[in-house]
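User: I would like a close look at one part of this protein, set out in a connected account. Please take the structure below as the basis.

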Amino acid sequence: MESEAIMTDTLSSAPVDRDGLPEVIRRYLTVHNAGDASASAALMTPNAQVTDDGKTYDGLPAIEQWLNRAASEYTYTTTYVGAAEVAPDRWTVTQRLDGNFPGNTIELRYDFTLEDGLIRRLVIAP
(Lines give C-alpha, C1' and ligand atoms only; values in the text may rest on other atoms or scores of the structure.)
Protein backbone atom coordinates (compact mmCIF):
# COMPACT_ATOMS: atom_id res chain seq x y z
CA MET A 1 0.00 0.00 0.00
CA GLU A 2 1.36 3.41 -0.89
CA SER A 3 1.89 6.05 1.77
CA GLU A 4 -0.11 9.26 1.68
CA ALA A 5 2.90 11.28 2.88
CA ILE A 6 4.26 13.81 0.41
CA MET A 7 7.71 15.38 0.53
CA THR A 8 8.46 18.95 -0.36
CA ASP A 9 11.52 20.51 -1.92
CA THR A 10 12.50 24.15 -1.65
CA LEU A 11 12.78 24.36 -5.45
CA SER A 12 9.33 22.86 -5.99
CA SER A 13 6.20 24.94 -6.17
CA ALA A 14 4.11 22.19 -4.57
CA PRO A 15 4.47 18.60 -3.37
CA VAL A 16 3.46 15.97 -5.89
CA ASP A 17 1.60 12.72 -5.30
CA ARG A 18 2.45 9.68 -7.43
CA ASP A 19 -0.36 10.37 -9.93
CA GLY A 20 1.07 13.85 -10.56
CA LEU A 21 4.44 12.55 -11.78
CA PRO A 22 5.31 12.53 -15.48
CA GLU A 23 4.08 9.31 -17.10
CA VAL A 24 7.61 8.04 -17.85
CA ILE A 25 8.57 8.26 -14.15
CA ARG A 26 5.35 6.54 -13.02
CA ARG A 27 5.95 3.77 -15.55
CA TYR A 28 9.61 3.44 -14.52
CA LEU A 29 8.72 3.12 -10.83
CA THR A 30 6.10 0.47 -11.63
CA VAL A 31 8.28 -1.71 -13.86
CA HIS A 32 11.43 -1.22 -11.80
CA ASN A 33 9.60 -2.21 -8.61
CA ALA A 34 8.37 -5.31 -10.48
CA GLY A 35 11.97 -6.20 -11.37
CA ASP A 36 11.47 -5.84 -15.14
CA ALA A 37 14.92 -4.72 -16.35
CA SER A 38 14.02 -4.65 -20.07
CA ALA A 39 10.91 -2.53 -19.53
CA SER A 40 12.86 -0.20 -17.20
CA ALA A 41 15.67 0.28 -19.73
CA ALA A 42 13.13 0.90 -22.52
CA LEU A 43 12.07 4.09 -20.71
CA MET A 44 15.57 5.59 -21.00
CA THR A 45 17.35 7.48 -23.77
CA PRO A 46 20.03 5.55 -25.70
CA ASN A 47 22.74 7.63 -23.98
CA ALA A 48 21.18 7.45 -20.50
CA GLN A 49 23.26 7.40 -17.35
CA VAL A 50 22.39 5.88 -13.96
CA THR A 51 24.29 6.41 -10.72
CA ASP A 52 23.48 4.04 -7.87
CA ASP A 53 25.47 3.07 -4.79
CA GLY A 54 28.35 5.29 -5.91
CA LYS A 55 28.73 3.62 -9.31
CA THR A 56 27.77 5.12 -12.67
CA TYR A 57 26.38 3.10 -15.57
CA ASP A 58 26.55 4.67 -19.05
CA GLY A 59 24.34 3.55 -21.92
CA LEU A 60 21.53 1.04 -22.15
CA PRO A 61 23.59 -2.19 -22.11
CA ALA A 62 25.34 -1.21 -18.85
CA ILE A 63 22.08 0.05 -17.34
CA GLU A 64 20.22 -3.15 -18.22
CA GLN A 65 23.00 -5.23 -16.60
CA TRP A 66 22.74 -3.06 -13.47
CA LEU A 67 18.95 -3.46 -13.45
CA ASN A 68 19.18 -7.25 -13.77
CA ARG A 69 21.73 -7.45 -10.96
CA ALA A 70 19.77 -5.10 -8.70
CA ALA A 71 16.56 -7.08 -9.25
CA SER A 72 18.17 -10.37 -8.24
CA GLU A 73 20.41 -9.19 -5.39
CA TYR A 74 17.77 -8.50 -2.72
CA THR A 75 14.08 -8.97 -2.09
CA TYR A 76 12.28 -5.80 -1.02
CA THR A 77 9.08 -3.82 -1.15
CA THR A 78 8.80 -0.13 -1.91
CA THR A 79 6.54 2.56 -0.53
CA TYR A 80 6.15 5.88 -2.30
CA VAL A 81 6.96 8.67 0.17
CA GLY A 82 6.67 11.71 -2.07
CA ALA A 83 8.08 13.76 -4.91
CA ALA A 84 8.93 17.26 -6.03
CA GLU A 85 9.41 18.94 -9.38
CA VAL A 86 12.86 20.54 -9.27
CA ALA A 87 12.69 21.97 -12.82
CA PRO A 88 10.53 21.20 -15.87
CA ASP A 89 12.86 18.33 -16.78
CA ARG A 90 13.99 17.32 -13.26
CA TRP A 91 12.06 15.43 -10.60
CA THR A 92 13.00 13.94 -7.25
CA VAL A 93 11.06 10.93 -5.94
CA THR A 94 11.55 9.45 -2.49
CA GLN A 95 10.70 5.82 -1.80
CA ARG A 96 11.13 3.69 1.32
CA LEU A 97 12.54 0.22 0.71
CA ASP A 98 11.97 -2.59 3.22
CA GLY A 99 13.78 -5.87 2.57
CA ASN A 100 16.54 -8.37 3.20
CA PHE A 101 19.45 -5.99 2.59
CA PRO A 102 21.76 -4.61 5.33
CA GLY A 103 19.72 -2.33 7.58
CA ASN A 104 16.41 -3.76 6.27
CA THR A 105 14.90 -0.29 5.67
CA ILE A 106 16.15 2.75 3.77
CA GLU A 107 14.68 5.85 2.17
CA LEU A 108 16.14 6.54 -1.26
CA ARG A 109 15.93 9.64 -3.43
CA TYR A 110 15.57 9.04 -7.15
CA ASP A 111 16.70 12.16 -9.03
CA PHE A 112 15.36 11.96 -12.59
CA THR A 113 16.42 14.14 -15.53
CA LEU A 114 14.07 13.79 -18.51
CA GLU A 115 14.69 14.34 -22.21
CA ASP A 116 12.15 13.94 -25.01
CA GLY A 117 9.73 12.01 -22.79
CA LEU A 118 12.38 9.52 -21.60
CA ILE A 119 14.80 9.29 -18.68
CA ARG A 120 18.17 10.80 -19.57
CA ARG A 121 19.78 10.56 -16.13
CA LEU A 122 18.89 8.87 -12.85
CA VAL A 123 20.79 9.29 -9.59
CA ILE A 124 19.74 7.07 -6.66
CA ALA A 125 21.04 7.94 -3.21
CA PRO A 126 19.96 7.94 0.45
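Which residue with a positive phi follows H1, and what can be said of the helix itself and of the pocket to whose lining it contributes?

Analyst: The model is predicted. Gly 35 is the residue that follows H1, and its phi is positive, near 80°.

Within the helix, the buried residues are Val 24, Ile 25, Tyr 28, Leu 29 and His 32. Viewed down the axis of H1, these buried residues fall within an arc of 135°, so they line one face of the helix. The general geometry agrees: an α-helix has 3.6 residues a turn, so residues three or four places apart point the same way.

H1, spanning 23-33, also gives two or more residues to the lining of the largest pocket, a space of about 600 Å³. The lining comprises 22 residues, of which Asp 52, Asp 53, Tyr 74, Leu 97 and Leu 108 are the closest to the pocket centre. By class, the lining divides into 14 nonpolar, three polar and five charged residues. H3 gives the most, with four residues. Other elements that give two or more include strands S6 (105-115) and S7 (118-125).

These two strands run antiparallel and are joined by seven bridges, with Thr 113 opposite Arg 121 in S7. Their hairpin has two residues between the strands, and Asp 116 takes a positive phi near 55° there. S6 is also joined to S5 (residues 90-99), in antiparallel fashion, by nine bridges. Arg 96 stands opposite Glu 107 in S6. Five residues lie between S5 and S6 in their hairpin, where Gly 103 in the turn has a positive phi of about 95°.

Notes. Residues are numbered from 1 along each chain as its sequence is written. This is a predicted model: local features need pLDDT of at least 70, side-chain atom pairs count only at pLDDT 80 or more; totals for chains, interfaces and linings use all residues. Side-chain values use heavy atoms; hydrogens and water are left out. On a 1 Å grid over the protein atoms alone, a cavity is a set of points where a 1.4 Å probe fits but cannot get out, and a pocket is an open set with protein on both sides within 12 Å along at least five of seven lines; lining residues have an atom within 4 Å of a point. Grid points are joined across faces, edges and corners, and a volume is the space filled by probe spheres set on the points. Ala, Val, Leu, Ile, Met, Phe, Trp, Tyr, Cys and Pro count as nonpolar, Asp, Glu, Lys and Arg as charged, and the others, Gly among them, as polar. Buried means under 20% relative accessible area, exposed over 50%, partly exposed in between (1.4 Å probe, protein chains only). The arc is that of the directions from the helix axis to the C-beta atoms. Two strands pair if DSSP finds at least two bridges between them.
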